[in-house]
Amino acid sequence: MFCMPRLRAFSGIQPTADSLHLGNYLGALRQWIDLQSSYDCVYSVVDLHALTVTPDPEALRRRVRVTAAQFLAAGVDPDQSVLFVQSQVPQHSQLTWLLNCVTGFGEASRMTQFKDKAAKIGEQGVTVGLFDYPVLMAADILAYDAHVVPVGEDQRQHIELSRTLANRLNARFGEGTAQVPEALIIKETARIFDLREPNAKMSKTGHPAGIIELLDDPKTITKRIKSAVTDSGTEVAWDPVAKPGLANLLAIYSALTGQPVQTLVEQYQGKLYGHLKADLAEVVVEALRPIRRRTADLLDDPSELDRILDQGKDKARGIAQGVYGRIAERFGLAVQEA
Ligand code: AMP
Ligand code: TRP
């Protein structure tokens, strides 16, 4: 029977914390898992990106493994998908340089995440690496001819830049130089908010009380959900503008149980916020329990994790070498066979 080749998905998460959080899980990772049945998936622990926050080398080494273990624990299947560590595939850095040479300084300066991070760090501390981060991200995506990129809302502008750069390469060097990628963002979970500051996104750099980590123990999860900031009203209703804290809890509840928000709102009519929080705490604890257990098992067996990452590295290199060679040649570079 004739089989259409599958489209390719690529995505990455930075190893910048000892645990991923619920925003990473609902915004990105859960999509990654679902896509495996219909796409050819390539997923990466993007450690080169993590260097932009100058991590301690020992912490970086540990976090690369913990992050990879959480991908697997959440359901990335290494026999079906490619799972690898970015720095083990040199084409990411090589392609970044080529893309640097077709990216406008003004265009890179307009990246809002760069502007936000730069404003926080202050001019003295901003590195060229931080500025170049979106170009490295474009190289990640283009090096695999990715058709789709499953991410949360905060990455939309970066993917738009990847599309612009791919289109530019095609216009300059001919169609077929680069695959133009598309962002895959699920509306309902595109932005999970901080439990203490429901107008800010949940982030690894936020206050711990506002974050649910995938590896948190049940007691911590319960405490954080029960003390989540909600408005002073009593009626459970879906109103992201007037009741952002409650809307965030409902969005998390709905995403983890598959029940539509409207059904939840009806279910909690006449009940207090406290009831909803207590039930949600249980839902989150049970959803994360197997991920926490499997992560611990994987970290207890370092040779198995090494084997998986080694196999992923070989498969990733196999794809990226070919794509990089094609693009570099169009630039006029004499590409060496590997
Ligand atoms: P990072 O931790 O910045 O490497 O992000 C990894 C992935 O998680 C990216 O696809 C982000 O868009 C996604 N993500 C991070 N924070 C959130 C959030 N609060 N809500 C939804 N998605 C998020
Ligand atoms: N910049 C992304 C983030 O902070 C992580 C990332 C790096 C990424 N390279 C990527 C995401 C390629 C998707 C595709 O979340």
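The following legends describe close-up views of a predicted model.

**View 1. Residues surrounding ligand 1.** Of the 18 residues around the ligand (those with a heavy atom within 4 Å of it), Gly152, Asp154, Ile192, Met202 and Lys204 come nearest. Helix α1 (residues 22-35) supplies four residues, the largest share of this shell; helices are DSSP runs of H or I with at least four residues, numbered from the N terminus. The shell holds six nonpolar, eight polar and four charged residues, with Ala, Val, Leu, Ile, Met, Phe, Trp, Tyr, Cys and Pro counted as nonpolar, Asp, Glu, Lys and Arg as charged, and the others, including Gly, as polar.

**View 2. Polar contacts of ligand 1 (N or O atom pairs within 3.5 Å).** A side-chain N or O atom of Asp154 lies 2.4 Å from an oxygen atom of ligand 1. For Gln14, a backbone N or O atom is 3.0 Å from a ligand oxygen atom. A polar backbone atom of Met202 lies 2.9 Å from a nitrogen atom of ligand 1. The protein buries 92% of the 490 Å² that ligand 1 exposes when taken alone (Shrake-Rupley method, 1.4 Å probe).

**View 3. Helix α13 (residues 302-331) and the residue after it.** The end C-alpha atoms of this 30-residue helix are 41 Å apart, in agreement with the 44 Å expected at 1.5 Å a residue, taken as 1.5 Å times one less than the number of residues. Just after α13, Gly332 adopts a positive phi of about 100°.

**Notes.** Residues are numbered from 1 along each chain as its sequence is written, and chains are lettered from A and ligands numbered from 1 in the order written. Local features need pLDDT of at least 70 and side-chain atom pairs pLDDT 80 or more, whereas totals for chains, interfaces and linings use all residues; side-chain values use heavy atoms, leaving out hydrogens and water.

Conventions: A polar contact is a pair of N or O atoms within 3.5 Å; within protein, one must be able to donate a hydrogen and the other to accept it, and residues adjacent in sequence count only if both atoms are side-chain atoms. Helices (H or I, at least four residues) and strands (E, at least two) are DSSP runs, numbered from the N terminus.
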